[in-house]
Amino acid sequence: MAAATTDGGGLPLLADKAPSHSHHPERHFTSGEVVRDVIMGVSDGLTVPFALAAGLSGARAPSSLVLTAGLAEVAAGAISMGLGGYLAAKSEADHYQREMKREQEEIISVPDTEAAEIGEIMSQYGLEPHEYGPVVDGLRRNPQAWLDFMMRFELGLEKPDPKRAIQSALTIALSYVIGGLVPLLPYMFISTAQNAMLTSVGVTLVALLFFGYIKGRFTGNRPFLSAVQTAIIGALASAAAYGMAKAVQTR
């Protein structure tokens, strides 16, 4: 407690005390790019090999053939998806560098115009010229901060992680392999393709429901709705592949 003192009239006064700053934990999720890569890899990994295995089972292929074709697809799909993730992240980094160079040249060649754009950005947040004027002056004295500000608030671009391309490729590829092995597991232990397919359907639907639920938790959507949507998409894909295989077989 603060020590009590009295004024000249004998009234109690509280001694000055420093204001206390309450600390509350910030609960923001900041790994959105990694989660996006995992979702992309696992969702495709669960769906594509599942549909392929169902299609081959519908064509009455033996379990060994389904498993061989499925593993080959998982390997090819992981490489393709990983390469796609790498190229997408690399293109994003290259785009950022090009825009940063262009913005840097504009700050040097037309500084007054760029400074006026800072004011326009600030005014969108309800600030008056006398309020954002010192901010504009401060940024003009710090060219790097000025450049970073323009990249983020004028162009809406965040500086990408230099390791992002490799991390994205590995995350997507590994996630694809993990997801792709789930529907193929029954074919490793059950010799009859039809029986393996029924087991694969059950295992994969459970995996899709679980993955959809987790995806909903991370992305902020309703987990149960996300689980159902993910399972329906996977079921439709496999049903389409199975139906096409059956249609071709009857010809």
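Residues count as buried under 20% relative accessible area, as exposed over 50%, and as partly exposed in between. Keep that handy, and remember that this is a predicted model.

**Exercise 1. Classify Phe189, then say what surface feature it belongs to.**

Solution.
- Start with the location: Phe189 sits in helix H6.
- Next, take its relative accessibility, which is 72%. The cut-off for exposed is over 50%, so Phe189 counts as exposed.
- Now look at its partners. Phe189 joins Leu71, Leu181, Leu185 and Met188 in a nonpolar surface patch of about 470 Å².
- Finally, ask which helix gives the most to this patch. That's helix H6, residues 164–189, with four residues.

**Exercise 2. Find how many aromatic pairs the structure has, and work out the geometry of the one between Phe149 and Phe153.**

Solution.
- A search of the whole structure turns up two aromatic pairs.
- For Phe149 and Phe153, the ring centres are 4.8 Å apart and the planes meet at 35°. Stacked needs under 30 degrees and edge-to-face needs over 60, so this pair is tilted.
- Place the pair on the fold: both residues lie in helix H5 (residues 143–154), four residues apart, or about one turn of the helix.
- Check the exposure of each partner. Phe149 has a relative accessible area of 12%, so it is buried. Phe153 comes out at 41%, so this residue is partly exposed.

**Exercise 3. Do the same for Tyr213 and Phe224, and say which parts of the chain they tie together.**

Solution.
- The ring centres of Tyr213 and Phe224 lie 5.3 Å apart, with the planes at 65°, so you'd call this pair edge-to-face.
- Tyr213 belongs to helix H7 (residues 193–219) and Phe224 to helix H8 (residues 223–250), so the pair ties together parts 11 residues apart in sequence.
- On exposure, Tyr213 has 26% relative accessibility and counts as partly exposed, while Phe224 reaches 65% and is exposed.

**Exercise 4. Zoom out and describe the whole protein: its elements, burial, contacts and surface.**

Solution.
- Count the elements: there are eight helices and two strands. From the N terminus they run β-β-α-α-α-α-α-α-α-α.
- For burial, 33% of the 251 residues count as buried.
- Turn to contacts with a separation of 6 or more: 70% of these link residues 24 or more positions apart.
- Last, the surface. The accessible area is about 15,800 Å², and carbon and sulfur atoms account for 64% of it.

Definitions and conventions. Residues numbered from 1 in each chain as written. Predicted model: local features only at pLDDT ≥ 70, side-chain atom pairs only at ≥ 80, totals over all residues. Heavy atoms only, no water. Buried < 20%, exposed > 50% of the residue type's maximum accessible area, 1.4 Å probe, protein only. Contact = heavy atoms within 4.5 Å. Areas by Shrake-Rupley, 256 points an atom, 1.4 Å probe, with all protein chains shown as cover. Patch = residues over 30% accessible without salt bridge, like charges linked within 9 Å, V, L, I, M, F, W, Y side chains within 5 Å. Salt bridge = Lys/Arg side-chain N within 4 Å of Asp/Glu carboxyl O. Phe/Tyr/Trp six-rings, centres within 6.5 Å; stacked < 30°, edge-to-face > 60°.
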